[in-house]
Structure formats: structure tokens, C-alpha cells
Amino acid sequence: MRGFDFHRQKPLLNYIVDFFCHELMLVIEIDGDSHDHKYEDDLQRQKTLEEIGISFIRFDDLEVKHDIYNVIRTIEGWVDEHSVKTHS
């Protein structure tokens, strides 16, 4: 996306994230049924990774299935806003 590589199911520290772009230090998480009973664990994982400079964007799996256009627009908007800082 926008020339940046995103890796799927990427190990970071002791965690695995859905998608990760090292250059942007961005994680994209898709929350669904598998996350229903792990809310506290997900928050702790996100907090730990944010402490080392990683940003998060989260989407609900139904949002991805039914409104992918806006999901992509949201990601593109984040990348456009933050890649200027990354490449400065």
C-alpha cells in the first residue's frame, strides 16, 4: 500500500500481529470472534508494543467483510499522514 510492505501474521516480541509495516511501525489488527474473550490480553499486547513506538489501527472483522472500501481509505489516510514524517 502506497509503496510500503505489510507482512501478515508477523511476530513482534512475544506476540503475533495480523499485519505489520516495519517502515511505518504500524500494526493493523482485525478483531473478530477469536478476540472476543481476549480483550484484556489484546489491550496489554497493544500497550506493550506501543511502548516501543508501534502504532495500531484496529478494525472489526465485519467492517472488513462489509465495508472494505472504507477500511482501505482509513489505512491510506493514516499512511499518507504518517509517511510524510517517516520520509522527512
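## The Arg 45–Glu 29 pair

In this predicted model, Arg 45 and Glu 29 are joined by a salt bridge in which the closest N and O atoms are 2.5 Å apart. Arg 45 belongs to helix 1 (residues 39–50) and Glu 29 to strand 3 (residues 26–31), so the contact ties together parts that are 16 residues apart in sequence. Both partners, Arg 45 as well as Glu 29, are buried.

## Arg 2, Glu 76 and Asp 80

A salt bridge also connects the side chains of Asp 80 and Arg 2, with an N to O distance of 2.7 Å. Because Asp 80 is placed in helix 3 (residues 68–86) while Arg 2 sits in the segment before strand 1 (7–12), this pair ties together parts that are 78 residues apart in sequence.

As for exposure, Asp 80 is partly exposed, its relative accessible area being 37%, and Arg 2 is likewise counted as partly exposed, at 47% relative accessibility. The two residues also take part in a network of salt bridges that links Arg 2, Glu 76 and Asp 80.

## A pair within helix 2

The side chains of Lys 65 and Asp 61 meet in a salt bridge with an N to O distance of 3.9 Å, a value that falls within the 4 Å cut-off. These two residues are 4 residues apart in helix 2 (residues 61–66), which means that about one helical turn separates Lys 65 from Asp 61. Lys 65 counts as exposed, with a relative accessibility of 60%.

## Overall count

Across the whole structure, the search finds 6 salt bridges, including the Arg 45–Glu 29 pair, the Asp 80–Arg 2 pair and the Lys 65–Asp 61 pair.

How values were computed: Residues numbered from 1 in each chain as written. Predicted model: local features only at pLDDT ≥ 70, side-chain atom pairs only at ≥ 80, totals over all residues. Heavy atoms only, no water. Buried < 20%, exposed > 50% of the residue type's maximum accessible area, 1.4 Å probe, protein only.
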